[in-house]
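Here are my notes on this one, for someone coming to it fresh. Have a look at the model first, then read the points alongside it.

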Amino acid sequence: NISLIFIHFQSRTPFSKFKKVNSHFKSPLQVPESPKVSPEEEVAELQKKKEQLDSEITQLEEEGCRVEELDQHIDKLHEYNDIKDIGQSLLGRIAALRGTTTRDLYAHFGLELDD
């Protein structure tokens, strides 16, 4: 009798409230399977996308945009975001020291919440 009980408990995971503990894991993030396309179709689609992007680049260049200016603009946006992050951090620390919220500090300093 004891050997039968032991065999029974060996086949189950102890302390488990789930019936199928050893079942396969199914991720909650299901990626839909894309339709199968041939390499030729994929190359044709990529070529079409490249031509469209080249056309957009040409149009922007005709409007006076230059890659160098875009790089400078992107650098300035990064700098702006870094400075804004530092400001947000400082406001958070001041709010914590004063025992208030950053929302109250925005009003105190005359800032818009969108700033």
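1. Start with the charge on the surface: Asp-71, Asp-75, Glu-79, Asp-82 and Asp-85 gather there in a negative patch. Patch members have over 30% relative accessible area and no salt bridge, with like charges joined within 9 Å and nonpolar side chains (Val, Leu, Ile, Met, Phe, Trp, Tyr) within 5 Å. Asp and Glu count as negative, Lys and Arg as positive, while His and the chain ends are not counted. Each charge is placed at NZ of Lys, CZ of Arg, CG of Asp or CD of Glu. Glu-79, one of the patch, is found in helix α3.

2. Before going on, a word on where this comes from: the model is predicted, with local features needing pLDDT of at least 70 and side-chain atom pairs pLDDT 80 or more, while totals for chains, interfaces and linings use all residues. Numbering runs from 1 along each chain as its sequence is written, and side-chain values use heavy atoms, leaving out hydrogens and water.

3. The chain has four helices and zero strands, counted as DSSP runs (H or I, at least four residues, for helices; E, at least two, for strands) numbered from the N terminus. How does helix α3 compare with its expected span? Its 32 residues, 67-98, should span 46 Å at 1.5 Å a residue (times one less than the number of residues), and the end C-alpha atoms are 46 Å apart, so the two agree. Gly-99 follows α3 with a positive phi, near 70 degrees.

4. There is a nonpolar patch too: Ile-86, Leu-90 and Ile-94 make about 260 Å² of surface, with areas from the Shrake-Rupley method (1.4 Å probe, only the protein chains shown counting as cover for residues). Ile-94 lies in helix α3 and counts as partly exposed because its relative accessibility is 30% (buried is under 20%, exposed over 50%, partly exposed in between; 1.4 Å probe, protein chains only). Of the chain's 115 residues, just 3% count as buried.

5. Now the salt bridges, of which the structure holds three; each needs a side-chain nitrogen of Lys or Arg within 4 Å of a carboxyl oxygen of Asp or Glu. Lys-50 pairs with Asp-54, closest N and O atoms 2.8 Å apart. Both lie in helix α2 (residues 39-62), four residues apart, about one turn of the helix.

6. Arg-66, Glu-68 and Glu-69 are linked in a network of salt bridges. The closest N and O atoms are 3.4 Å apart for Glu-68 with Arg-66, and 3.9 Å for Arg-66 with Glu-69.
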